[in-house]
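Student: I am new to this structure and would like a close look at a single part of it, taken slowly. Could you take me through one region and then show me what surrounds it?

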Amino acid sequence: MLKAENLTLYVNDNGSRKCLLNDISFHVDDGEMLVITGPNGGGKSTLAKTLIGIEKADSGKIMLNEQDITDYDINHRANAGIGYAFQQPPRFKGMPVSKLLTLAAGRSLSIDECCDLLTAVGLCAEEYVERQIDGTLSGGEMKRIEIASVLAKDHELCIFDEPEAGIDLWSFSMLIQKFEEMHKEKKQSLIVISHQEKIIDMADRIMIIDDGEIKKIGKREDVLPYLNGVQKCHNCAENRERRA
Ligand SMILES: Nc1ncnc2c1ncn2[C@@H]1O[C@H](COP(=O)(O)OP(=O)(O)OP(=O)(O)O)[C@@H](O)[C@H]1O
């Protein structure tokens with residue numbers, strides 16, 4: 001189980017102190033899927049980066065399976081069992097895809113295993129397995145390779161930041177199948193940051209973050225009506241602006 005307690009994070013924004021996360025507390029049960037959603041700029045990616053150790057909270061505590069990981073760096077947290085797929089994946093130039101997958105798995109993978117991982121994210125294995133990770137890969141291709149690298153290992157907790165971003169419809173439906181499979185197996189807990197209805201509909205619980213704060217968290221059936229209400233209000237405001 002992951003438990004975040006009172007996470008608060010400030011950054012220096014052109015000389016002034018800006019609060020990006022304000023007293024965030026929540027948990028993710030073993031095998032649970034928590035979907036985090038909310039408006040752009042609300043703090044979702046910042047929270048994910050804080051959980052994996054890229055950002056360091058000014059206060060608060062993070063526990064993974066009763067282990068206090070608050071002071072762990074990114075590698076130490078990965079070793080403790082947290083896997084993370086970036087919203088915008090970094091490119092490890094000059095490395096073939098098979099090597100990245102092997103490194104991510106933490107053991108040597110056969111070409112067949114690499115191909116299975118690539119197929120799971122809708123990439124033609126033969127075409128990509130020995131391809132170099134460099135600027136010639138499109139954003140969507142890079143995103144899918146990144147997701148495959150997280151799938152390469154069983155984690156205690158996998159965090160996917162907008163896995164749908166830049167991915168075509170066909171690959172997206174394969175990805176949904178993969179998430180459904182992982183969710184059904186309940187071997188790994190999942191945090192998925194998403195704006196996509198299909199992903200939100202899969203959640204056990206949904207958390208809405210806006211302005212660095214949790215606006216709502218609860219079971220899918222309790223939060224969905226609230227989310228639809230927020231959406232309607234947003235549309236009303238947009239329509240009013242358009243009419244004015
Ligand atoms: N280092 C920083 N300095 C100043 N502001 C920052 C910094 N990092 C993030 N922000 C701001 O914090 C806010 C939250 O950003 P974040 O990327 O977490 O949002 P998000 O909810 O993931 O948005 P999206 O849905 O667009 O991906 C944004 O307003 C962003 O501009």
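Tutor: Please keep in mind that this is a predicted model. Let us take the open sheet of four strands as our part, in which the order is β2-β1-β4-β5 and the pairing is antiparallel. Its edge strands are β2 and β5, the latter covering residues 67–68, and each of these two pairs on one side only. In general, the strands of a sheet pair through backbone hydrogen bonds, in either a parallel or an antiparallel way.

Begin with strand β1, residues 2–13, which runs antiparallel to strand β2, residues 16–28, and is joined to β2 by nine bridges. Two positions let you follow this pairing by eye: Tyr-10 stands opposite Cys-19 in β2, and Asp-13 stands opposite Ser-16 in β2. The two strands form a hairpin with two residues between them, and in that turn Asn-14 has a positive phi of about 50 degrees. β1 also pairs with strand β4, residues 59–64, again in the antiparallel sense, this time over five bridges; here Thr-8 is the residue to find, since Thr-8 stands opposite Ser-59 in β4. Across β1, β2 and β4 lies helix α1, residues 44–52, which runs at about 70 degrees to β2.

From the sheet we can turn to strand β3, residues 33–37, where five of the five residues are buried, leaving the strand mostly covered. Met-33, Val-35 and Thr-37 point one way from β3, while Leu-34 and Ile-36 point the other way, and all of them are buried. The pairing of β3 is parallel with strand β10, residues 189–193, over four bridges, and Leu-34 stands opposite Ile-191 in β10. Four bridges also join β3 to strand β11, residues 205–210, and these two strands run parallel; the bridge partner of Val-35 in β11 is Ile-206.

Ile-191 leads on to the interior, as it is among the residues touched by Ile-159, which also touches Ala-48, Leu-51, Ile-52, Ile-82, Gly-83 and Tyr-84, when residues up to four places away in sequence are not counted. The largest nonpolar core has 57 residues, and of these Ala-148 and Ile-159 touch the most other members. Helix α6, residues 139–151, gives the most to this core, with five residues. As a general tendency, nonpolar side chains in soluble globular proteins are buried together.

Ala-148 also takes part in a contact between helices, in which Val-97, Leu-100, Leu-101 and Ala-104 of α3 meet Ile-145, Ala-148 and Ser-149 of α6. By class, this contact of α3 with α6 has six nonpolar residues, one polar residue and no charged residues. Helix α3, residues 97–105, packs against α6 at an angle of about 35 degrees, with the axes 8 Å apart, and the crossing of α3 past α6 is right-handed.

Finally, look at Leu-109, which is found in the loop between α3 and α4, the latter being residues 111–120. Leu-109 counts as partly exposed because it has 19 C-beta neighbours inside 10 Å, whereas 20 or more would make a residue buried. Leaving aside neighbours within four places in sequence, Leu-109 is in contact with Leu-101, Thr-102, Cys-114 and Ala-152. Its C-alpha atom is separated by 8.9 Å from that of Lys-99, ten residues apart along the chain.

Methods:
Residues are numbered from 1 along each chain as its sequence is written. This is a predicted model: local features need pLDDT of at least 70, side-chain atom pairs count only at pLDDT 80 or more; totals for chains, interfaces and linings use all residues. Two strands pair if DSSP finds at least two bridges between them. A nonpolar core is a set of buried Ala, Val, Leu, Ile, Met, Phe, Trp, Tyr and Cys residues joined through C-beta atoms within 7 Å. A residue is buried if 20 or more other C-beta atoms lie within 10 Å of its own, exposed if 12 or fewer, and partly exposed in between; C-beta atoms are placed from the backbone. Two residues are in contact if their C-beta atoms, placed from the backbone, lie within 7 Å. Axes are lines fitted to C-alpha atoms, for helices over the stretch in contact, and angles run from 0 to 180 degrees between N-to-C directions. A crossing is left-handed if the near helix is turned anticlockwise from the far one by less than a right angle, and right-handed if clockwise. Ala, Val, Leu, Ile, Met, Phe, Trp, Tyr, Cys and Pro count as nonpolar, Asp, Glu, Lys and Arg as charged, and the others, Gly among them, as polar.
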